[in-house]
Amino acid sequence: ALVLNLLFLIACMAYFGFTLTLPGIAGIVLTIGMAVDAMAKPDATRLGLFGAGKQARRALEAILCVRPLTQVRIFSPSQQHREALAALLAPRKNSFV
């Protein structure tokens, strides 16, 4: 559902010729956080994340705002990207990768 939301937003932007700006990216990240808050179980503490690039990092930051995660599993073909995202999570309290 989150991927469909993102594809729908991008398709609408392309159709109308809109340009994606930094505030626009922030808005998309906020919709991801709101969607997770609406769809995930209220007591959810684990997250499986597919991908470890820039978008995944922003989505993770948004999700951490609405859920107290205790475990994040990162699935990415690039070990370097996985380790970089895990390093960003390391300082966070109560997060295990």
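1. Rings of Phe, Tyr and Trp (its six-membered ring) form an aromatic pair if their centres lie within 6.5 Å; planes under 30 degrees apart count as stacked, over 60 as edge-to-face and the rest as tilted. The structure holds 3 such aromatic pairs. In one of them, Tyr15 and Phe16 meet edge-to-face, with 4.9 Å from centre to centre and 85 degrees between the planes. The pair of Phe16 and Phe18 is stacked because the ring centres are 5.8 Å apart and the planes stand at 25 degrees.

2. This is a predicted model, in which local features need pLDDT of at least 70 and side-chain atom pairs count only at pLDDT 80 or more, while totals for chains, interfaces and linings use all residues. Residues are numbered from 1 along each chain as its sequence is written, and side-chain values use heavy atoms, with hydrogens and water left out.

3. Tyr15, Phe16 and Phe18 form one aromatic cluster. Tyr15 and Phe16 are both exposed (over 50% relative accessible area, 1.4 Å probe, protein chains only), and Phe18 is exposed as well.

4. The protein chain has 4 helices (DSSP runs of H or I, at least four residues) and 2 strands (runs of E, at least two). Their order along the sequence is α-α-β-α-β-α.

5. Of the 97 residues in the protein chain, 26% are buried (under 20% relative accessible area). Among contacts (heavy atoms within 4.5 Å) between residues at least 6 apart in sequence, 66% join residues at least 24 apart.
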